[in-house]
Amino acid sequence: MFKSFRGGVHPNDYKSYTANVHIEKVPVSKKVIIPVSQHIGAPGVPIVNIGDRVKKGQLIAKAEAPITSYVHASTSGKVTDIAVYSSSYRDKSLAIVIESDGLDQWMPGLPLNRDWEKMKVEEIQGIIKEAGIVGMGGANFPTHFKLSYGPEKKIDTVILNGSECEPYLTSDYRLMIEETEKVVTGFRIALKCLNVKRGIVGVEDNKPEAIKVLTEAFKGTGVEVVALPTKYPQGAERMLIKVLTGREIPAGKRHSDIGVVGLNVSTIVAVANAVVNGIPAIERVTTVTGDAIKEPKNLLVKIGTSFKDVIDYCGGYSKTPKKIINGGPMMGYAQDSLEIPVVKGVAGILVLSKDAVSHDEKSACIRCGRCVKACPIGLVPSMLSILSERDRHEEARESYGLMNCIECGSCAYVCPSKRNIVQNIRYSKSKNAAHAHK
Ligand code: SF4
Ligand code: SF4
């Protein structure tokens, strides 16, 4: 029997907009803007020049630091600019702009159907590194790093996170159903990389179809598929590891410090694409949804495609948009421009009208304690928020565990005074950036 985690909330999941909508491929845009920083760690270093012609899948930015990631062209065409652009990750980033030639032509020599079971672990790890794969659930951590832990880390369990607990988002759900074989292959490759036998797939019980197909597909592999009671933020790494293994990540530590590696569904599909067919991380499935989108969809989008092009592909707006969010409503970031590119970590674009956005005015904290009860980490969100407003950021870090906040938004969700708890916490964290957990 799996125990649940403390706190958490049960928001309406709004997944019916797109849960049954098949993944569609978005046609190539006239231009793609590809940031060299789409990941935790140092930005990639451009290796192309303005005027160069590139092919789809071609390496365009090298990874030269210990923690960083490679970046590739997502279509064929001409490099027309290399400059700082607005981005959906880290606000601004140096980016390589490619004007499409409309041919979407692959670089030559792509391997097809490699037999990964016969490949050496080091070869597989090298492929994952060179494919530029990062955590696509929003963590953006370079995946090769996670899949190259040596025996000293004593990793004994690998978890596949199929929770997708953020309301509205269904990209991982559709991948589990439509690309089941790739999910199985990618996860088995991860187990091989880490020389681990114990693999667990955690899926919330509001996705019975995914549980059914994955249970069938993993039969005979030794991997266990577990249906978990639906509760937000089940998909947060700390919560999922606690629920599936009973282990807790101590404050300031990482999953690997307790012998566990967690991977997201989109990431594992990218691993299968790279290792079997040599396809680097040049596209991802993104859910475009919300009450203000004319035709909500799950879309396979080339990295670098603008939010505007993606929304236009969904028929544009059905109502005047009030709020556009990169990601889901709980952990996503509000955006004020559509001229930003989809990057590797964009799992969803949510567009809400005024009818779907809360209009309650923020008021003073009434010390009701609901935020404390909802916090899955055991923090005191009301205090963190107040300290942030008073610019007492160091005190928030040293005395109230600020840096352990996973920004799940459960506190703000239950707050009757509609206080900007998460924004305040993010602000305080930015003021304590030098103390961020590595
Ligand atoms: S304080 Fe942080 S971890 Fe706790 S509920 Fe709020 S956002 Fe989530
Ligand atoms: S839920 Fe809101 S009003 Fe209640 S204690 Fe927390 S911050 Fe204050």
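The legends below accompany three close-up views of this predicted model.

**View 1. Helix α3 crossing helix α7.** Here we look at two helices, α3 with residues 171-178 and α7 with residues 265-277. Their axes come within 9 Å and cross at roughly 45 degrees. That angle is neither under 35 degrees nor in the range from 65 to 115, so α3 counts as oblique to α7. On the α3 side, the contact is made by D172, L175 and M176, which meet V265, S266 and V269 of α7. If you sort the residues of this contact by class, you will find four nonpolar, one polar and one charged.

**View 2. The surroundings of ligand 2.** Let us turn to the shell of residues around ligand 2. Cysteines in the shell include C365, C368, C371 and C415. Also around the ligand are I366, R367, G369, S382, P416, S417, R419 and I421. By class, the shell holds seven nonpolar, three polar and two charged residues.

**View 3. Four cysteines listed by UniProt as "binding site".** The positions come from an unreviewed UniProt entry, which lists C375, C405, C408 and C411 under that heading. In sequence they are spread over 37 residues, yet they cluster in space, with a largest C-alpha distance of 10.7 Å. The lining of the largest cavity takes in C375, C405, C408 and C411. To find C405 in the fold, look in the loop between α11 (393-400) and α12 (410-414).

Conventions: Residues numbered from 1 in each chain as written. Chains lettered and ligands numbered in written order. Predicted model: local features only at pLDDT ≥ 70, side-chain atom pairs only at ≥ 80, totals over all residues. Heavy atoms only, no water. Axes fitted to C-alpha atoms, helices over the stretch in contact; angles between N-to-C directions. Helix = DSSP H or I, 4+ residues; strand = E, 2+ residues; numbered from the N terminus. Parallel < 35°, antiparallel > 145°, perpendicular 65-115°, else oblique. Contact = heavy atoms within 4.5 Å. Nonpolar A, V, L, I, M, F, W, Y, C, P; charged D, E, K, R; others polar. Near = heavy atom within 4 Å. UniProt positions renumbered as here; feature names shortened; annotations may be inferred. 1 Å grid on protein atoms, 1.4 Å probe; cavity = no way out; pocket = protein on both sides within 12 Å on 5 of 7 lines; lining within 4 Å.
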